[in-house]
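Me: Take one part of this structure and walk me through it closely. I'd like to know how it sits against its surroundings and what comes just after it.

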Amino acid sequence: MSSEARVLIAPSLLSADFADFAQAARAAREAGAELLHFDVMDGLFVPNITFGPQTVQAVRHHSDALFDVHLMIVQPERYIEQFAQAGADIITVHAEACVHLQRTLAQIRECGARAGVALNPATPLNVIEYVIPDIDLLLVMTVNPGFGGQQFIPEMLRKIARARALLDEAGSDAWLEVDGGINGVTTPMVVRAGARVLVAGSSVFGHPEGVRAGVEELRQAVWEAQERV
């Protein structure tokens, strides 16, 4: 995974129709999205409950996208193997939820998935300083996790830029992902700051003109950001 790779789109099923994830997954892929993002919540780490490995497994039959599974749960090590077996390509855990972060990241890789670390807005970047060799993805949360449709926190632009510099200085080829309030307005800002994977929920699945229009709007915003660099 190169930091210079093109920007990838990861529509979040959190904003899709829960009664028809199969159609949502197909629509996202047909629109050109490379990843499909699963926001897994347990009602403890965040104040919401979503879905588990069975949902990932069910959707796996309807999409060849990279499955980007974001575990917003306590003690994520209990479920890593289940999500990997269900079809997760990337499993991301929160640094705040892991007592032994390096061990958990190693467990993810041992299960055959790529390992990601997510950081809440108030969590400093230095918590990942000594596990950078163990990650394939760094997720900077640009809202406080738990609910879709939230507004982007402007202060996170500085954090994204610092995360980009941290990965580059370490020689890491981990993807830098952002999640929260990503739309046509915020996309150019996060791309210029160094983000390479954009998680977008309501701006894709809630777009008034449909999923394809939502993805294309993000693509256009990415292009505009890169043209100005």
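Reply: Let's go with helix H4. In this predicted model, the buried residues of H4 pack against helix H3 (80-86), strand S4 (90-94) and strand S5 (114-119). H4 itself covers residues 101-110, and its buried residues are Leu 101, Thr 104, Leu 105 and Ile 108. Looking down the axis of H4, you'd find these buried residues within an arc of 100°, so they line one face of the helix. The spacing fits the usual geometry: an α-helix has 3.6 residues a turn, so residues three or four places apart point the same way. Flip to the face of H4 turned away from that buried side, and you meet the exposed residues Arg 103 and Glu 110.

What comes after the helix? H4 is followed by Gly 112, which has a positive phi, near 95°.

Since you'll probably wonder about the cysteines around here: searching the whole structure for disulfides turns up 0. Cys 98 is in no disulfide, and the nearest cysteine sulfur, that of Cys 111, is 14 Å away. Look from the other end and you get the matching picture: the closest cysteine sulfur to that of Cys 111 is in Cys 98, and at 14 Å it is too far for a bond. A disulfide would need the two sulfur atoms within 2.5 Å. As for their surroundings, Cys 98 has 10% relative accessibility, so it counts as buried, while Cys 111 is partly exposed, with a relative accessible area of 30%.

How values were computed. Residues are numbered from 1 along each chain as its sequence is written. This is a predicted model: local features need pLDDT of at least 70, side-chain atom pairs count only at pLDDT 80 or more; totals for chains, interfaces and linings use all residues. Side-chain values use heavy atoms; hydrogens and water are left out. Buried means under 20% relative accessible area, exposed over 50%, partly exposed in between (1.4 Å probe, protein chains only). Helices (H or I, at least four residues) and strands (E, at least two) are DSSP runs, numbered from the N terminus. The arc is that of the directions from the helix axis to the C-beta atoms. Contact means heavy atoms within 4.5 Å.
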